[in-house]
Amino acid sequence: MTDLGLRPLVPTLHQLAESAVYDDRNNRFLYCDILDKSIHAVDLATGDTKVWRFPTVVGSFGLTESGRFVVALRDSVVLFDPETEESRTLVEIEADMPDTRLNDGKVGPDGCFWVGTMDANRQPVCALYRVSPDGTVEKKIDGLMVSNGLAFSPDGRTMFHSDSRGPWIDRWAFDPATGEISERKRIAVLDDTIGRPDGGATDAEGNYWSAGVSGAKLNQFSPEGELLASYDVPAASPTMPAFGGPDMKTLFLTSLRDGRTEEQLQRWPLTGSVFIGTSPVAGSPVSRFRDV
């Protein structure tokens, strides 16, 4: 099997690195550390780094057409300007539910920010939401424990979504003009060995890549849920893949260190790293939030 050549991009061992995002306009890789309440950027040409800090945990974020970030904080989605560091709240979500917080999010082909919640007690009380640039919020899926794994096919007609505690991966038909989802199909039910599904991404061939957070794996599935490849990774708990670079074959992978056992950290000492490697297939670009 192809070696992905994963190696640390930066020396930091993060507690909970997530939300891997490639910025094609500036050739930089961005990610958040949820527990550190921060978003990080790495200039891929120079290696220079930048950090922005927030008042609450940062569950996820995406890029916008205007150059801002659309950011999921604990219970609100904000527009954040990385140049001025000014922030404007778009909408509050589940602010009346103290045991939930916003988790995985990604900008869809409809130009909206899709973001789900997770419950600290692992109860099925969470949901997936669609946040429009005008601040309109729609609940799209409910009954979730840990909403995760959002990714969209290259043609914008398919959405992948997972529940890390399900633990399953679903495929939906997606209408990029309206943001309507339909034809839900469960394509995979996973376990701790192959890895419960965390963050996801799609490649140019329409396959779905899922971080196997409990299995030290990065798994590639066909749209029908066939396991095409399962890559060993140098971290006990990978959290999210992303593709980037001029040819979209640079592979990024975030990982989680918080809560890992001493045995896990001894076996995978790079756990908590943000990795860079090479994919055997090009990735699918991610849309930008249409805030202009």
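1. Let's start with Asp-291, which is buried in this predicted model. Its relative accessible area is 16%, and buried means under 20%, so Asp-291 falls in that class. The side chain of Asp-291 meets that of Arg-68 in a salt bridge, at 3.1 Å from N to O. This pair links distant parts of the chain: Arg-68 sits in the loop between β6 (60-63) and β7 (69-72), Asp-291 belongs to the segment after β24, and 223 residues separate them. Arg-68 has 22% relative accessibility, so it counts as partly exposed.

2. There is another salt bridge to find in the segment after β24. Which residue does Arg-288 meet there? The partner is Asp-23, with an N to O distance of 3.0 Å. Here too the pair links distant parts of the chain, since Asp-23 lies in strand β2 (residues 17-23) and Arg-288 comes 265 residues away, in the segment after β24. Asp-23 and Arg-288 are both buried.

3. How many salt bridges does the structure hold? The count is 16. As background, side chains of opposite charge can pair when their charged atoms come close. One example to look up is Arg-130 with Asp-110, at 2.7 Å from N to O. Arg-130 is in strand β12 (residues 126-131) and Asp-110 in the loop between β10 and β11, so their salt bridge ties together parts 20 residues apart in sequence. Both of these residues are buried. They also belong to one network, in which salt bridges with shared partners join Asp-110, Arg-130, Glu-138, Lys-140 and Glu-180.

4. Now compare that with Arg-101, in strand β10 (residues 100-107). Arg-101 is buried but has no salt bridge. The nearest side chain of opposite charge belongs to Glu-18, 7.3 Å away, while a salt bridge needs the atoms within 4 Å. The side chain of Arg-101 does make a polar contact of 3.3 Å with the side chain of Asn-103.

5. Next, have a look at the sheets. Strands of a sheet pair through backbone hydrogen bonds, either parallel or antiparallel. One open sheet has four strands in the order β14-β15-β16-β17, with antiparallel pairing. Why is one side of β14 (147-152) and of β17 (181-189) left without a neighbour in the sheet? These strands stand at the edges and each has a single partner strand. From one strand to the next, the twist averages 20°.

6. Inside that sheet, β15 (residues 158-163) and β16 (residues 168-174) pair antiparallel over six bridges. Ser-162 stands opposite Ile-169 in β16. Strand β16 also holds Arg-171, which counts as buried because its relative accessibility is 18%. The side chain of Arg-171 makes a polar contact of 3.1 Å with that of Glu-224.

7. Another open sheet has four strands in the order β1-β24-β23-β22, again antiparallel. Its edge strands, β1 (7-8) and β22 (238-244), each pair on one side only. Four bridges join β23 (residues 250-255) to β24 (residues 275-278), and Leu-251 stands opposite Gly-277 in β24.

8. Finally, step back to the whole region. An unreviewed UniProt entry annotates residues 16-256 as "domain: SMP-30/Gluconolactonase/LRE-like region". Over residues 16-256 the chain is 0% helix and 56% strand, and the end C-alpha atoms are 4 Å apart. One residue to pick out is Thr-117, in strand β11 (residues 113-119), which is buried with a relative accessible area of 0%.

Key:
Residues numbered from 1 in each chain as written. Predicted model: local features only at pLDDT ≥ 70, side-chain atom pairs only at ≥ 80, totals over all residues. Heavy atoms only, no water. Pairing = 2+ DSSP bridges. Helix = DSSP H or I, 4+ residues; strand = E, 2+ residues; numbered from the N terminus. Axes fitted to C-alpha atoms, helices over the stretch in contact; angles between N-to-C directions. UniProt positions renumbered as here; feature names shortened; annotations may be inferred. Buried < 20%, exposed > 50% of the residue type's maximum accessible area, 1.4 Å probe, protein only. Lys, Arg positive; Asp, Glu negative; His and termini not counted. Polar contact = N/O pair within 3.5 Å; in protein donor to acceptor, adjacent residues only side chain to side chain.
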